[in-house]
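Hi,

Here is the structure I promised to pass on. Have a look at it first, then read my notes below with the viewer open.

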Amino acid sequence: MPVDLPLAYLIHPLDLVGTFAFALSGAVLGTQRGMDLFGVLVLAFVTAAAGGILRDLLLGAVPPVAIASWYALAIATAAGLLAFGFQPLIARFHSAVLFFDAAGLGVFAVTGTYKALEFGLSPPMAALLGMLSGIGGGMLRDVLTARVPVVLQGEIYAVAALAAALMVLAGEWMGLSPTIVSLPAIGLCLALRLISIARGWKLPVAPTRRD
């Protein structure tokens, strides 16, 4: 049976995993957009850190973890160099950005929800904060690369993050250990996001006005 670790010991390593996944998604997109090395590294860090910074600021956990230590910067830099150095190889895998973005989305949605609960937020607000911490990095990445953020285009994006957050709440309600709930919740977000892309699932979109 998994050891019931304190939340602090669970959130930190998962944050590092999410940081790498989001950083890689940002760096790969930067190489695809023809950015130079500096631009790729900046986009990697912004994508990786924005969600966690937003989460910590809203919780009053200052300075945010992403800028209080060197871990996030180091991980984002490594991911950026990896994407830049192996650009021809990574370019063959067109779904790389989507996969790493979905993985980062799930990780930050889960850690954001757990951290919000740890800070005493009510379950509904904890789920919303988990969703926000998941979508924050991707939104800023899209803005910096002159794309309409995916979350605003009818994609199953924020909904996938919210599903992971709600699974965390369900686990808390049932008294399950975070070590048991975290990976399935991340997997749920990842599966929803990738399956929705593969099958073309979208949220209802406002009809275009025709004069």
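Start at Leu105, leaving aside its neighbours within four places in sequence: it is in contact with Phe22, Gly134, Ile135, Tyr157, Ala160, Ala161 and Cys189. You will find Leu105 in helix H6. Is this residue buried or exposed? Leu105 counts as buried, because its relative accessibility is 0%. You can also check a distance here: Leu105 and Gly137 are 32 residues apart along the chain, and their C-alpha atoms are separated by 8.6 Å. Please keep in mind that this is a predicted model.

Leu105 also turns up in the nonpolar core. The largest such core has 38 residues, and those that touch the most other members are Leu105, Val110, Ile135 and Tyr157. Which helices each supply at least two residues of this core? They are helix H1 (7-32), helix H2 (37-59), H4, helix H6 (96-118), helix H7 (123-144), helix H8 (158-173) and helix H9 (178-199). Try clicking on Val110 as well: apart from its neighbours within four places in sequence, Val110 is in contact with Ala164, Val168, Ser182, Ala185 and Ile186.

Now zoom out to the whole chain. It has nine helices and zero strands, so its radius of gyration comes next: at 17 Å, the value is close to the 17 Å that the globule rule gives for 211 residues, so the chain is as compact as a globular protein of that length. If you want a feel for the dimensions, the C-alpha atoms fill a box of roughly 50 × 45 × 35 Å along the principal axes.

Some totals for the protein chain:

- Buried residues make up 48% of the 211 residues.
- Take the contacts between residues at least 6 apart in sequence: 78% of them join residues at least 24 apart.
- The chain exposes about 10600 Å², and carbon and sulfur atoms supply 72% of that area.

Next, two residues I'd like you to find yourself. One is Asp56, whose place is in helix H2. Asp56 counts as buried, since its relative accessibility is 1%. What is Asp56 in contact with, leaving aside its neighbours within four places in sequence? The contacts of Asp56 are Ala61, Pro64, Val65 and Lys115.

The other is Ala72, which lies in helix H4 (residues 71-85). Ala72 has a relative accessible area of 10%, and buried means under 20%, so Ala72 is buried. Leaving aside its neighbours within four places in sequence, Ala72 is in contact with Thr19, Phe45 and Ala66. For one of those partners there is a distance to try: Ala72 and Phe45 are 27 residues apart in sequence and 7.5 Å apart in space, C-alpha to C-alpha.

Finally, go to the surface. Phe20, Leu82, Phe86 and Leu89 make a nonpolar patch there of about 350 Å². Leu89 is found in helix H5 (residues 87-91). Why does Leu89 count as partly exposed? Its relative accessibility is 43%, and partly exposed covers the range between under 20% (buried) and over 50% (exposed), so Leu89 falls in the middle class.

Happy exploring!

Terms used
Residues are numbered from 1 along each chain as its sequence is written. This is a predicted model: local features need pLDDT of at least 70, side-chain atom pairs count only at pLDDT 80 or more; totals for chains, interfaces and linings use all residues. Side-chain values use heavy atoms; hydrogens and water are left out. Patches are made of residues with over 30% relative accessible area and no salt bridge: like charges are joined within 9 Å, nonpolar side chains (Val, Leu, Ile, Met, Phe, Trp, Tyr) within 5 Å. Accessible areas come from the Shrake-Rupley method with a 1.4 Å probe; for residues, only the protein chains shown count as cover. A salt bridge is a side-chain nitrogen of Lys or Arg within 4 Å of a carboxyl oxygen of Asp or Glu. Helices (H or I, at least four residues) and strands (E, at least two) are DSSP runs, numbered from the N terminus. Buried means under 20% relative accessible area, exposed over 50%, partly exposed in between (1.4 Å probe, protein chains only). The radius of gyration is taken over C-alpha atoms; the globule rule is 2.2 Å times the number of residues to the power 0.38. Contact means heavy atoms within 4.5 Å. A nonpolar core is a set of buried Ala, Val, Leu, Ile, Met, Phe, Trp, Tyr and Cys residues joined through side-chain atoms within 4.5 Å.
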